[in-house]
Amino acid sequence: MAGEETPSTFKDLQKLQRKLSLLIQSVQSNSKVVALMKSPVGQYLDRHPSAALTLLVFVVLSAVPVGLFLLLVVLTSLTALVGFLLLEGLVISVGGLSLLCVLCGLGFVSLAMSGTIIMSYMVVSRLLSYWFSPRPLTQDSSGGCQLATKSTDSEGRSR
């Protein structure tokens, strides 16, 4: 049984080796990788494979904490934005209701003031028309002209 699985396993390993070599060639022929390997950092990492391995392990292991931190930043920003919008909506609502109350109060005050002014105008105009109404001229016994005066009774009514 072990002999039957060995040729199949060997063929599978050869296929895997070919796929890996194709992957490595495609990565090495990538223009960005070529530019990195020509840079001083790439040449240093090519001469020091242990430093390259350490850097690779560090980058892979730090991806999770950095990703979690960025997720925290995004969620905090969204929460602050939603909180700001809710707070801003609350402030605008309270301000709008306050403005509505002030405007309603001003409406009632303006109605009361205009009513008072109208009533004052009516009273003053009636009094002025009563006091300064034209009276017919009458002749008294001395021959002079006098203005007729309205006689009033004891209750203040004119006769």
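User: How many residues does helix 4 have, and what distance does it reach from its first C-alpha to its last?

Analyst: A helix can be judged by setting its end-to-end reach against the span expected at 1.5 Å a residue. In this predicted model, helix 4 has 83 residues and reaches 118 Å from first C-alpha to last, close to the expected 123 Å.

User: Where does helix 4 bend?

Analyst: A bend is read as the angle between axes fitted on either side of a residue. Helix 4 bends by about 35° at Ala63, and Pro65 is a proline that follows within four residues.

User: Which residues form the nonpolar patch on the surface?

Analyst: An α-helix has 3.6 residues a turn, so residues three or four places apart point the same way. Here the patch is formed by Val64, Leu68, Leu71, Val74, Leu75, Leu78, Leu81, Phe84 and Leu85, with about 880 Å² of accessible area together. Leu68, one of these patch residues, is found in helix 4, which covers residues 49-131.

User: Is Leu68 buried or exposed, and why?

Analyst: The label depends on relative accessible area, and exposed means over 50%. Leu68 has 52% relative accessibility and therefore counts as exposed.

User: How many disulfides does the structure hold, and why is Cys101 not bonded to Cys104?

Analyst: A disulfide requires two cysteine sulfur atoms within 2.5 Å. The structure holds 0 disulfides. The closest cysteine sulfur to that of Cys101 is in Cys104, but a bond is ruled out because the two are 6.7 Å apart, which is too far. As for accessibility, Cys101 counts as exposed at 57%, whereas Cys104 counts as partly exposed at 40%.

Note on methods. Residues numbered from 1 in each chain as written. Predicted model: local features only at pLDDT ≥ 70, side-chain atom pairs only at ≥ 80, totals over all residues. Heavy atoms only, no water. Patch = residues over 30% accessible without salt bridge, like charges linked within 9 Å, V, L, I, M, F, W, Y side chains within 5 Å. Areas by Shrake-Rupley, 256 points an atom, 1.4 Å probe, with all protein chains shown as cover. Salt bridge = Lys/Arg side-chain N within 4 Å of Asp/Glu carboxyl O. Helix = DSSP H or I, 4+ residues; strand = E, 2+ residues; numbered from the N terminus. Buried < 20%, exposed > 50% of the residue type's maximum accessible area, 1.4 Å probe, protein only. Expected span 1.5 Å × (residues − 1). Bend = angle between axes of the 7 residues up to and from the residue.
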